Amino acid sequence: MVDVRFHESVEDARLKFAVIVSKAQGKWVFCKHRQRDTYEVPGGHREKGETIMETAKRELIEETGAVDFVIKPICAYSVKGKTRINRDADDESYGMLFFAEIFSFGSISSESEIEKIIVSDTLVDRWTYPQIQPKLLEEARKRGYV
């Protein structure tokens, strides 16, 4: 079982991930990883020396090709339980949830792990992280971001 929790604040050093719920012209933006047949919202690991906002911006650009956008933090979150990231059921990882409005796209690097993006009126059916990402979108909705 995976437990997703939302937090108003978390010690910065604990934030390892940035996940960006994104829209363009009122439509959802999803990424398809080259090695998977599922979809996800943009996001990824924080690199050494980055602020969590820098992580969010970098991941949004790398994974969607976003050129012109506005990005805002929503809240911190944690995931407890066995996942691709957490190797043990007692592990808990922390991240920051963001919202981005994308106004224009460039291209995604041919070296990117992302094969393509889709811009859709509806949510995807095949999630890469089905126990996590729909809950993040629901929290963004509850807080009035989408």
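# A guided tour of the predicted model

The count of salt bridges in this structure comes to 11. The model is a predicted one, and the stops below visit some of these bridges after a look at the whole chain and its strands.

## Stop 1: the whole chain

Display the protein chain as a cartoon. Its secondary structure comprises 2 helices and 8 strands, and from the N terminus the elements follow the order β-β-β-β-β-α-β-β-β-α. Along the principal axes, the C-alpha atoms fill a box of roughly 40 × 30 × 30 Å. The radius of gyration is 14 Å, which agrees with the value near 15 Å that a compact globule of 146 residues would have. Colour the chain by accessibility: 46% of the 146 residues count as buried.

## Stop 2: strand S3 and its neighbours

Select residues 27-33, which form strand S3. How many of the 7 residues of this strand are buried? The number is 6, so S3 is largely enclosed by the rest of the structure.

Now add the strands that pair with S3. Strand S2, residues 15-24, runs antiparallel to S3 and is joined to it by 2 bridges. Look for Ala24, which stands opposite Lys27 of S3. The hairpin of S2 and S3 has 2 residues between the strands, and Gln25 there takes a positive phi near 50°.

Turn next to strand S8, residues 114-120. S3 and S8 run antiparallel and are joined by 6 bridges. Select His33 to find Ile114 of S8 standing opposite.

Finally, show strand S4, residues 39-40, which is antiparallel to S3 and joined to it by 2 bridges. Here Cys31 stands opposite Glu40 of S4. The hairpin from S3 to S4 passes through 5 residues.

## Stop 3: the aromatic residues

Keep S3 in view and show the aromatic side chains. The whole structure holds 3 aromatic pairs. In one of them, the ring centres of Phe30 and Trp127 are 5.6 Å apart and the planes lie at 85°, so the pair is edge-to-face. Phe30 belongs to strand S3 and Trp127 to the loop between S8 and H2, so this pair ties together parts that are 97 residues apart in sequence. Both Phe30 and Trp127 are buried.

Add Trp28 to the selection: ring pairs link Trp28, Phe30 and Trp127 into a cluster. Which residue lies over the face of Trp28? Select Lys23, which is placed there at 4.2 Å from the ring centre.

## Stop 4: Thr128

Move one step along the chain to Thr128, in the loop between strand S8 (114-120) and helix H2 (133-142). Is Thr128 buried or exposed? Its relative accessible area is 8%; because the limit for a buried residue is under 20%, Thr128 counts as buried.

Show the side chains around Thr128. One polar contact reaches the side chain of Thr38, at 2.6 Å. Another, at 2.8 Å, reaches the side chain of Glu40, the residue of S4 already seen opposite Cys31.

## Stop 5: salt bridges

Select Arg58 and Glu47, whose side chains meet in a salt bridge with an N to O distance of 3.5 Å. Arg58 lies in helix H1 (residues 52-64) and Glu47 in the loop between strand S5 (43-45) and H1, so the pair ties together parts that are 11 residues apart in sequence. Arg58 counts as buried, at 16% relative accessibility, whereas Glu47 is partly exposed, at 44%. Extend the selection to Glu50, Glu59 and Glu62: together with Glu47 and Arg58, these residues are linked in a network of salt bridges.

Go next to Arg143, which forms a salt bridge with Glu139; the closest N and O atoms are 2.6 Å apart. Glu139 is buried, with a relative accessible area of 11%, and Arg143 is partly exposed, with 28%.

For the last selection, return to the start of the chain and choose Asp3 and Arg5. These form a salt bridge whose closest N and O atoms lie 2.6 Å apart. Asp3 counts as partly exposed at 26% relative accessibility, and Arg5 also counts as partly exposed, at 39%.

Definitions and conventions: Residues numbered from 1 in each chain as written. Predicted model: local features only at pLDDT ≥ 70, side-chain atom pairs only at ≥ 80, totals over all residues. Heavy atoms only, no water. Helix = DSSP H or I, 4+ residues; strand = E, 2+ residues; numbered from the N terminus. Buried < 20%, exposed > 50% of the residue type's maximum accessible area, 1.4 Å probe, protein only. Polar contact = N/O pair within 3.5 Å; in protein donor to acceptor, adjacent residues only side chain to side chain. Salt bridge = Lys/Arg side-chain N within 4 Å of Asp/Glu carboxyl O. Pairing = 2+ DSSP bridges. Phe/Tyr/Trp six-rings, centres within 6.5 Å; stacked < 30°, edge-to-face > 60°. Lys NZ or Arg CZ within 6 Å of the ring centre and 35° of its normal. Rg over C-alpha atoms; globule rule 2.2 N^0.38 Å.
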